[in-house]
Amino acid sequence: MGSVFQIIGPIMVGPSSSHTAGAVRLGLASRAIAGGQPRSARILLHGSFAQTYRGHGTDVALVAGLLGMTPDDERIPDSMKWAAEAGLEVHIEPADLGDVHPNTAKMELTTASGSIVEVTGSSVGGGAIVITRIGKFDVAFTGENHALIVAYTDQPGVIARITSLLATEDVNIATMNVSREARHGTALAIIQLDQAASPELTAVLSRMNGIRSTISLPPLAVS
Amino acid sequence: MQAISLQELAASASSLGVNIGVLAREWEWQETGEPVESLNERMRDRLQVMRDAVARGLGGGRSRSGLTGGDARLMRQAPEAVRAIGGEPLCSAISYALAVSEVNACMGRIVAAPTAGSCGIIPGVLLAVGERLGSGDDELIEALFAAGAIGSVIERKSTLSGAAGGCQAECGSAAAMAAAAVVQLSGGSPEQCIQAVALALKGMLGLVCDPVAGLVEVPCIKRNAISSSVSLAAASMAMAGIRSVIPPDEVIDAMGAVGRDLPVSLRETAGGGLAVTPTGRRIAKEQLRQAGVEA
């Protein structure tokens with residue numbers, strides 16, 4: 001059932017829920033996936049994002065999200081200045097990303113440790129988003145739930161071990177999306193959860209046989 | 001929100017002897033377990049953001065695209081003889097609605113009510129009438145809960161999205177929600193509130209969404225002001241005891257059906273209406289050039 005606060009709300013910086021508030025949330029999701037504030041960001045804007053980004057402030061909204069600002073943060077219009085202060089180098093360009101939603105951005109992020117993370121996502125209306133690609137993997141991540149992003153080696157039993165570990169903490173899986181680079185290659189699981197997984201669980205998960213990395217994400221901000 | 005129809009919403013409120021806002025808050029508490037004081041505080045925050053946006057917008061300022069800005073200030077500073085044309089609370093409602101919509105276009109902070117594109121109408125109408133009636137914050141907060149309840153029903157039965165239903169779904173719904181809120185604030189019954197919804201929405205039926213250059217500015221900002229006048233007219237009629245011949249729930253259904261019948265070019269795609277007039281096209285071309293995209 002919809003809350004009255006979704007109708008009289010959210011509180012947000014304008015002008016557009018899809019092109020501004022949704023863009024902030026795409027930046028926030030990408031920041032979380034990159035494991036924190038990146039050192040540099042090359043942002044490719046597609047379709048309506050490319051055509052209207054100046055008027056809608058889609059560019060500054062994405063950067064604000066990468067800096068960890070929420071959609072109601074009044075610093076959003078000045079996010080380029082804040083990025084410079086925070087040591088985040090930004091490059092924005094319109095691009096054709098192919099057969100994707102008209103409001104799509106691809107962010108090529110260089111993390112603090114120097115690795116490259118590529119995140120593609122779409123703002124699908126009313127501030128809602130879907131992250132559609134992380135690196136080489138097709139995903140479907142909305143940021144509405146708690147989530148775990150687990151990179152692992154494709155081999156029998158890994159998914160079973162992950163899900164039984166979640167069961168021990170009584171954490172319910174809302175959706176699970178698994179894809180792999182190649183047989184026995186790297187695989188990625190996006191697991192959206194009804195409850196948060198504890199830091200202890202995430203730590204145990206990270207040490208499991210076959211697991212390469214684990215990122216635990218809280219739901220993305222709404223106000 | 002438990003109500004699936006306006007009829008049910010008004011009947012439940014009447015049978016409990018409360019207004020629609022109080023009922024909506026009660027239902028929110030029942031569904032989320034969040035205490036009433038906390039719900040009130042969250043709505044109070046929204047009321048404050050609305051007031052801050054009005055104050056900021058009346059001060060002027062151009063939008064990011066450079067297309068709009070300063071009209072709220074012009075309306076506010078208009079001479080008494082000019083303001084007498086519309087009178088009060090209409091002139092204040094117009095200037096406040098312009099103010100909030102201009103703040104939205106300037107990347108300022110607003111409350112999407114129900115959307116960012118239609119964010120000026122509810123604060124414009126509610127704050128203007130509230131000033132005139134001397135309403136307290138508690139009453140304004142209850143009126144916002146009422147507006148939210150109406151919006152919930154519209155969303156469930158039809159749509160609040162311009163891309164799905166055109167501007168009637170955004171500014172039309174906002175005008176209807178604001179009309180109900182103002183009727184409640186003026187001491188009208190729940191039945192009068194939903195009659196105001198029907199009267200406002202009927203006046204907005206078929207309104208297309210045709211943003212110039214795809215931006216939430218032209219004609220959105222001034223449509224927020226015009227929609228406020230529709231809202232006040234509907235609230236006045238409902239308070240006088242005028243009833244819609246077509247029942248409120250059927251009007252909402254009709255709005256949804258009209259939205260589905262609207263061509264895609266008139267649903268937020270900038271492919272029709274004002275967006276494709278010679279001036280609309282010229283502005284779009286200039287915006288694209290500034291963005292570094294080939295027109």
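The points below describe the domains of chain A, its interface with chain B and one of its sheets, all taken from a predicted model.

1. Chain A falls into two domains, with domain 1 running over residues 4-135 and domain 2 over residues 146-217. The C-alpha centres of these two domains of chain A are 26 Å apart, and where the domains touch, four residues of domain 1 are in contact with four residues of domain 2. On the side that belongs to domain 1 of chain A, this contact is made by three nonpolar residues and one polar residue, with no charged residues taking part.

2. Turning to the two chains, 32 residues of chain A are in contact with 42 residues of chain B. On the side of chain A, the elements that contribute two or more residues are α1 (4-7), β1 (11-13) and α3 (47-56). Of these, α3(A) supplies the largest share, which amounts to eight residues. By class, the residues of chain A that face chain B comprise 15 nonpolar, 14 polar and three charged ones.

3. One part of the relation between the chains is strand pairing, in which β1(A) runs antiparallel to strand β1 of chain B, residues 109-111, and is joined to that strand over three bridges. A reader who wishes to locate this pairing in the structure can begin at A:V13, whose bridge partner in β1(B) is B:R109. The strand β1(A) is also listed among the elements that give two or more residues to the side of chain A touching chain B.

4. Chain A also holds an open sheet of four strands, which follow one another in the order β9-β10-β8-β11 and pair in the antiparallel sense. Its edges are formed by β9 (173-180) and β11 (211-217) of chain A, each of which pairs on one side only. On average, and with direction ignored, neighbouring strands of the sheet are turned by 10 degrees against each other.

5. Within this sheet, the pairing of β9(A) with strand β10 of chain A, residues 186-193, is antiparallel and extends over seven bridges. An example of a residue pair to look for here is A:T175, which has A:Q192 in β10(A) as its bridge partner.

6. Helix α7 of chain A, residues 199-207, packs on this sheet and touches two of its strands, β8 (146-153) and β11 of chain A. The direction of helix α7 makes an angle of about 160 degrees with the direction of β11(A), the strand that forms one of the edges of the sheet.

Methods: Residues numbered from 1 in each chain as written. Chains lettered and ligands numbered in written order. Predicted model: local features only at pLDDT ≥ 70, side-chain atom pairs only at ≥ 80, totals over all residues. Domains from an automatic or database assignment. Contact = placed C-beta atoms within 7 Å. Nonpolar A, V, L, I, M, F, W, Y, C, P; charged D, E, K, R; others polar. Pairing = 2+ DSSP bridges. Axes fitted to C-alpha atoms, helices over the stretch in contact; angles between N-to-C directions.
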